[in-house]
Amino acid sequence: MNVNQSAPPVPPFGQPQPVYPGYHQSSYGGQPGSTAAPTPYGAYNGPVPGYQQTPPPGMSRAPPSSGAPPASTAQAPGGQAAHGQFGQGDVQNGPSSTVQMQRLPGSQPFGSAPLVPVVSQPAVLQPYGPPPTSAQVTAQLAGMHISGAVAPVPPTSGLGYGPPTSLASASGSFPNSGLYGSYPQGQAPPLGQAQGHPGAQPPQRSVPPQASSFTPSASGGPRMPSMTGPLLPGQSFGGPPVSQPNHISSPPPQALTPGTQMSGPPGPPPPMHSSQQPGYQLQQNGSFGPVRGPQPNYGSPYPGTATFGSQPGPPQPLPPKRLDPDAIPSPIQVIEDDRNNRGSEPFITGVRGQVPPLVTTNFLVKDQGNASPRYIRCTSYNIPCTSDMAKQAQVPLAAVIKPLARLPPEEASPYVVDHGESGPLRCNRCKAYMCPFMQFIEGGRRFQCCFCSCINDVPPQYFQHLDHTGKRVDAYDRPELSLGSYEFLATVDYCKNNKFPSPPAFIFMIDVSYNAIRSGLVRLLCEELKSLLDFLPREGGAEESAIRVGFVTYNKVLHFYNVKSSLAQPQMMVVSDVGDMFVPLLDGFLVNVNESRAVITSLLDQIPEMFADTRETETVFAPVIQAGMEALKAAECAGKLFLFHTSLPIAEAPGKLKNRDDRKLINTDKEKTLFQPQTGVYQTLAKECVAQGCCVDLFLFPNQYVDVATLSVVPQLTGGSVYKYACFQVENDQERFLSDLRRDVQKVVGFDAVMRVRTSTGIRAVDFFGAFYMSNTTDVELAGLDGDKTVTVEFKHDDRLNEESGALLQCALLYTSCAGQRRLRIHNLALNCCTQLADLYRNCETDTLINYMAKFAYRGVLNSPVKTVRDTLITQCAQILACYRKNCASPSSAGQLILPECMKLLPVYLNCVLKSDVLQPGAEVTTDDRAYVRQLVTSMDVAETNVFFYPRLLPLTKSPIENTTEPPAVRASEERLSNGDIYLLENGLNLFLWVGASVQQGVVQSLFGVSSFSQITSGLSVLPVLDNLLSKKVRGLIDGLRAQRSRYMKLIVVKQEDKLEMLFKHFLVEDKSLSGGASYVDFLCHMHKEIRQLLS
Ligand SMILES: [Zn+2]
């Protein structure tokens, strides 16, 4: 579709295309696009205006002064001195081994160990800078061996979406996933041994370095040949191999330093470590070697020691060692640190290249010239100057853009700028819109484009004088000269057919076949619509919504309804020729709700009755969408179809589908076909919908396979949403469905939209992910775009970037508002550019990287075997980390795993992506569920992917009842669960309440209103409303979690040891999964091996 067709005089997106032959999608980090014709590079004069001037009125604090980008080099500001590069005598410190050994009471026999192989540095916060870079997570994982993680992992069900209708009974069977295909089943990768690196002892350190050797910790099974990894010099095997759950056994002569870790359990604030603390060990990074001095207890394995590690290692018999989960980077700790360090002050966007707080941190944003991170987040805020550097690092350069993001009430929506008939001011050459980075020259008569350097005349009506700094004196009176985000009212040139649009329409299209009637869906829906229609989106202070509505019901045929206000009763018109769909009425089909209220109410009352006795089980699908789209076309407006559909459309009609669900294809080369649509009909239809600005939201209520992969094609390509309620029953699912429906109908949507991302000369947008359609390589076409949807854009170099001028992004979204107003929303973001790889690595955002990588992988499964996709992800991650190791970390033992501070969670998060249902399905994950999740993730923002891949696990009974704040989360692992407590787990789609078997009776009574654990109903989805503190607190917390998410999360109560627990354990993502997904510890070791291979 081309919204701006008919060659409007000012083609909004009609800029000359850079010459490039398509974009490369071959693989991660592949070749950047071919070099475009070199445009003379001109300096754009940077973000100076944004932060060198007096703040606009109302600004409570001055922006930081300009100057070098924060933390761009090793000569970081004073506060960072302690975190310099390795080899410069810097120290790393961490919590003591004492602290580290405090484990949650867990069910596992070997719940803790004193070995702390991972060292990282606490982030030191700079007010406006990225976290310090030199802090590194290091771990020696060299010749260590993981004994197979063989403890019978309780079978977990991969089911996760939809009611737990059946559960895996595959107890003990571990599908060979292919991830570690070369390992004997049940064995962890032959890898990595954790090895702390020795460091200088603090003067008063009281704990001697006694824990210097690994000793096998329990009775061991035979070591498999494939488990023998390379040994470090000086290593040998000193004891029997170990076979223990999640344990890493190692040869004794390992140089180890106890207590040299820092990412342990939440402890004291990071920067406060002092050498006086017995457990903290200062460490000199440059001084360690693979083998350390005299090692007490060398070679004294303690096989069979079953209970070691539970005491805080006084300096006597050395306990056996293994890779301690507390010692590897913890998502919980990173999230907590960021909250503590960055949650209290607003994030002010005046400085170029600032890394924003994490998505998990609650913070306010003040726009001082760059778009809020709520609109745009980047994988890195410092981009390599050259494509060679970018290729070397393999860090994807991408932005996750949410153009219509909803803002908290404290933050103002973008101002709307009206330039009257002349429309928004743009660069003549590249068509970029006026923004704070445009440079006015010649006394204000001209401006130089910050994207392409073209010199443009300032139109007389826009002329303004410059002050002595060269800035326009009206800069702060104009949003487009001082803010990162704003809107322009579009002129008629930006409208289809050079005509201002009509207000959009909503069409409700209801399946009335047997299943829909029998489940109670139709009655429930019709009842709800009667009141919901009063809440259609409206603009500003408008009294009523401008949106018109229409109604269709269908099974094998379609029924249109005339609900014109002048009628006494609605009239039905049946169209049975579904092969050639047409709309039988124009007048009276789309109506104003208030005008036609009586007729509409009458219709909604009658529909359930009319079809109450239906025997019709067959449905059509494509003709329904076709009908809705034709109706909008006839009414000459954009709009949205709400489809409520129950079954595989097998009735004779275009888009008829057959059941092709074949789980035998999993792990074969044909697996990709499960994700592909089975017919091209829907793509063609989607294209027509996009041209009409017809967005499709699909609510599915399947009792069996409905081919989500095919049915979701149109919603996906039109910017719509898909909701799925498997085995829908009114009594169980109505709250979830109605909540989703209300939110979906009420949310603000932009219609008939086109998005374009412009960049400074040197990089350009080459790839796009999300729910939209593209008919060329630059314009993202969205029939609809709501405030929850993101578009992820990847950039590649086509020329050199300049360190001084940085790089600019401008996202322009042209759309029709819900009142029918044509607008342009502009978001600008300035990034830094670097010539040192270290600057790239210290300005990355792992959550955004994961968002991009997941979307890349989830698209990849359409074309490649899933195993190939997984391998690609692992390889890229290893390349990213190996490049850092090689170029940014100072020389150290090859056996050491060194992670950049900003990316220390990359392995754990990536592992979660790898073992997600799309890339590694468990036995109970249906083909439809995989397709459903695949398309959901495609539009997720960074906060959503973060919690989706690494769920939040909240202990409810640890803190005092009176404490009403949200309890601090714990890591998603079974060993963090204590059977005397209750936990909530959520991932944005699912919500579990796990009850330990030994929970106090009083707690059970307060929360469930029954007298004992055994009386709690497993699978309960509603907590009783009881008048006590605990009940109120937990219910309040659940409501709070639901309010944060874009979809309603249905609660499932899971009792410890109950069969439903398998479902729950699927979400304990740090553990090994039944589907073959590695535990975090194992994956970290595997990743380390990959990195070492790349480095050798
Ligand atoms: Zn330009």
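Donors are taken as N, O and S atoms within 2.8 Å of the metal (3.2 Å for Na, K and Ca), and water is not among the atoms, so sites may look incomplete. The structure is a predicted model, in which local features need pLDDT of at least 70 and side-chain atom pairs count only at pLDDT 80 or more, while totals for chains, interfaces and linings use all residues. Residues are numbered from 1 along each chain as its sequence is written, and side-chain values use heavy atoms, with hydrogens and water left out.

The donor residues of the zinc ion follow the spacing C-x2-C-x18-C-x2-C in sequence. Because Cys427 lies in the loop between β12 (416–417) and β13 (439–441) and Cys449 in the loop between β14 (446–448) and β15 (455–457), the pair ties together parts that are 22 residues apart in sequence; strands are DSSP runs (E, at least two residues), numbered from the N terminus. Coordination of the zinc ion is through the SG atoms of Cys427, Cys430, Cys449 and Cys452, at 2.2 to 2.3 Å. The angles among the four donor atoms are 101 to 116° and the site is tetrahedral (four donors with all angles between 85 and 135 degrees). Cys427 is buried at 1% relative accessible area, as is Cys449 at 0% (buried: under 20% relative accessible area, 1.4 Å probe, protein chains only).

Zero disulfides are present in the structure, a disulfide being a pair of cysteine sulfur atoms within 2.5 Å. For Cys834, the closest cysteine sulfur is that of Cys385, at 6.3 Å, too far for a bond; Cys834 is buried, at 1% relative accessibility. The sulfur of Cys883 has its closest cysteine sulfur in Cys888, at 6.1 Å, also too far for a bond. Cys883 is buried, with 6% relative accessible area.

Notes
Four donors count as tetrahedral if all angles lie between 85 and 135 degrees; four count as square planar and six as octahedral if opposite donors are over 155 degrees apart and all others between 65 and 115; anything else is irregular. Helices (H or I, at least four residues) and strands (E, at least two) are DSSP runs, numbered from the N terminus. Buried means under 20% relative accessible area, exposed over 50%, partly exposed in between (1.4 Å probe, protein chains only).
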